[in-house]
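User: I would like to go through this model with you, starting with its main pocket. Could you take my questions as they come?

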Amino acid sequence: MLVVEDHAELADTLAAGLRREGMAVDCALDGAAGLARARVNEYDVIVLDRDLPRLHGDALCARLIEEQVRARVLMLTASGGVEDRVHGLGLGADDYLPKPFAFAELVARIRALARRAQPALPPVLQRGELRLDPGRRLASRSGERLELSVKEFAVLELLMGAEGAVVSAEELLARGWDEAADPFSNVVKVTISRLRRKLGDPPVIETVPGGGYRI
């Protein structure tokens, strides 16, 4: 996901909190930088402050819609009036949250928007003996809870959300890590290996030669 917020300290705080929730987060400190990142990376959700320098949040939201960026947009603003909310939604934003807000509510709204990304996903994922509840950060196999790291949980969520389709290592890296991740590292392979050990036998993650991984 992408956070576009001109207050650097707030942007860093939000990013750190969302990463603890298992999300891969990029940040931009102005509207122009946010648009540039949205054009290059495929985000599920963009958290967009309305009052941005260089390119106002309203204009950025309109550009995202015009350029058919598929990410869902959650607009933040210090103005909580009805007219402001209606205006923001009229620009094409998918949700609207006035400042100040509770962090737990922000997380819940982001997860709700992410489920509406293409393809839409149910709130709880089930594949055979595996059950994953992203909202509660719970994973289990045959009723036994799995203790997973943040990245292991994120990779498992992506694989289960693919509903049997193959997910490439490149896609796992792009969606499970932020833009600072080294594309030439073996971090995906290492995470898959650790995840396999924790999931136990019989193995459920299949390696597809030349393709990637699937459950």
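User: How do the residues lining the largest pocket divide into nonpolar, polar and charged?
Analyst: This is a predicted model. In it, the lining of the largest pocket comprises 24 nonpolar, six polar and 14 charged residues.

User: And what is the volume of that largest pocket?
Analyst: The volume of the largest pocket is about 1,100 Å³.

User: Which lining residues lie nearest its centre?
Analyst: Of the 44 residues that line the largest pocket, those nearest its centre are Met1, Asp44, Leu158, Arg175 and Gly176.

User: Which helices each supply at least two residues of that lining?
Analyst: Helices α5 (103-115), α6 and α7 (169-176) each do so. The largest share comes from α7, with six residues.

User: Staying with α6, where does that helix lie relative to the strands?
Analyst: Helix α6, residues 150-161, lies across β6, β7 (130-133) and β8. Its direction is at about 110° to β7.

User: Turning to the sheet, what is the strand order?
Analyst: The four strands form an open sheet in the order β6-β7-β8-β9, and their pairing is antiparallel.

User: Which strands are at the edges?
Analyst: The edge strands are β6 (125-127) and β9 (144-145), each of which pairs on one side only.

User: How many bridges join β8 to β9?
Analyst: Two bridges join β8, residues 138-141, to β9, and these strands run antiparallel.

User: What is the bridge partner of Ser140 in β9?
Analyst: Ser140 has Arg145 as its bridge partner in β9.

Definitions and conventions
Residues numbered from 1 in each chain as written. Predicted model: local features only at pLDDT ≥ 70, side-chain atom pairs only at ≥ 80, totals over all residues. Heavy atoms only, no water. Pairing = 2+ DSSP bridges. Contact = heavy atoms within 4.5 Å. Axes fitted to C-alpha atoms, helices over the stretch in contact; angles between N-to-C directions. 1 Å grid on protein atoms, 1.4 Å probe; cavity = no way out; pocket = protein on both sides within 12 Å on 5 of 7 lines; lining within 4 Å. Points joined across faces, edges and corners; volume = space filled by probe spheres on them. Nonpolar A, V, L, I, M, F, W, Y, C, P; charged D, E, K, R; others polar.
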